[in-house]
Amino acid sequence: MASTNPRKTMDETRRDAEAQFNKQLDETVTALKAQTPIDTGNARRSWYKKAWRSGESKAVIVNDAPYIEPLDNGHSSQQPRPGWIMRTVERIEQKWANRRTP
C-alpha cells in the first residue's frame, strides 16, 4: 500500500530512482569491461563507478589504467575502431531509455 505521508513517498521515490540509476551504471560498467581489450587484464579490472545520489549533477564511471585512452583510440587489434567507450555507454543509455518508454 502506498504511503499517505508525502515526505515518506518522496523519500521512497528518491531511493527508487537512485537504485534504478545505479543499476544502469552497474550495467554500463559491466558492458565496458566486456568491451575492453584484454592483454594482462589490468584495463578491464580498472573500471569502477561512484554510486550516484539524487541531487548530484553527474554520474561517474572511471578507468584509471594509464593506457585506457590509447585503447579507446584504436590502439588494439581487439578494438581497432576508435570510440568504443562512448559507443558502449550510448548503447546502454539507449537501452535504459527504451525501458522507460511506455
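Is Ile38 buried, exposed or partly exposed? In this predicted model, Ile38 counts as partly exposed, because its relative accessibility is 39%. The cut-offs explain the label: buried means under 20%, exposed means over 50%, and partly exposed lies in between. Ile38 is found in the loop between helix H1 and helix H2, the latter covering residues 42–45. Neighbours up to four places away in sequence are set aside for its contacts; Ile38 then touches Arg44 and Gln78. Gln78 is 40 residues away from Ile38 in sequence. In space, the two C-alpha atoms are 7.9 Å apart.

The overall fold was examined next. The protein chain has four helices and two strands. Read from the N terminus, the order of these elements is α-α-β-β-α-α. The radius of gyration is 17 Å, whereas the globule rule gives 13 Å for 102 residues. The value is well over the rule, so the chain is more spread out than a compact globule. The C-alpha trace spans about 60 × 30 × 20 Å along its principal axes.

Contacts along the chain were then sorted by sequence separation. Among those between residues at least 6 apart, 54% join residues at least 24 apart. As for burial, 28% of the 102 residues count as buried. The accessible surface of the chain comes to about 7200 Å². Carbon and sulfur atoms account for 53% of that surface. The chain carries 18 positive and 13 negative charges. The mean positions of these two sets are 4 Å apart.

What lies inside? In soluble globular proteins, nonpolar side chains tend to be buried together. Here, the largest nonpolar core has 10 residues. Its members are Val29, Leu32, Ala43, Trp47, Ala65, Ile68, Leu71, Trp84, Ile85 and Val89. Three elements give two or more residues each: helix H1 (6–35), helix H3 (68–72) and helix H4 (84–100). Helix H4 supplies the largest share, with three residues.

Leu71 is one of the core residues. Leaving aside neighbours within four places in sequence, Leu71 is in contact with Pro37, Ala43, Ser76, Gln79 and Trp84. Two of these partners, Ala43 and Trp84, are listed in the core as well.

Two further residues were examined, one in helix H1 and one in helix H4. Thr28 lies in helix H1. Its relative accessible area is 4%, so Thr28 is buried. Beyond its neighbours within four places in sequence, Thr28 is in contact with Ile61, Val89 and Ile92. Among these partners, Val89 also belongs to the largest nonpolar core.

Arg99 has its place in helix H4. At 47% relative accessibility, Arg99 counts as partly exposed. This label follows because exposed means over 50%. Arg99 and Arg7 are 92 residues apart along the chain. Their C-alpha atoms are separated by 27 Å.

Key:
Residues numbered from 1 in each chain as written. Predicted model: local features only at pLDDT ≥ 70, side-chain atom pairs only at ≥ 80, totals over all residues. Heavy atoms only, no water. Core = buried A, V, L, I, M, F, W, Y, C linked by side-chain atoms within 4.5 Å. Buried < 20%, exposed > 50% of the residue type's maximum accessible area, 1.4 Å probe, protein only. Contact = heavy atoms within 4.5 Å. Rg over C-alpha atoms; globule rule 2.2 N^0.38 Å. Areas by Shrake-Rupley, 256 points an atom, 1.4 Å probe, with all protein chains shown as cover. Lys, Arg positive; Asp, Glu negative; His and termini not counted. Charge placed at Lys NZ, Arg CZ, Asp CG, Glu CD.
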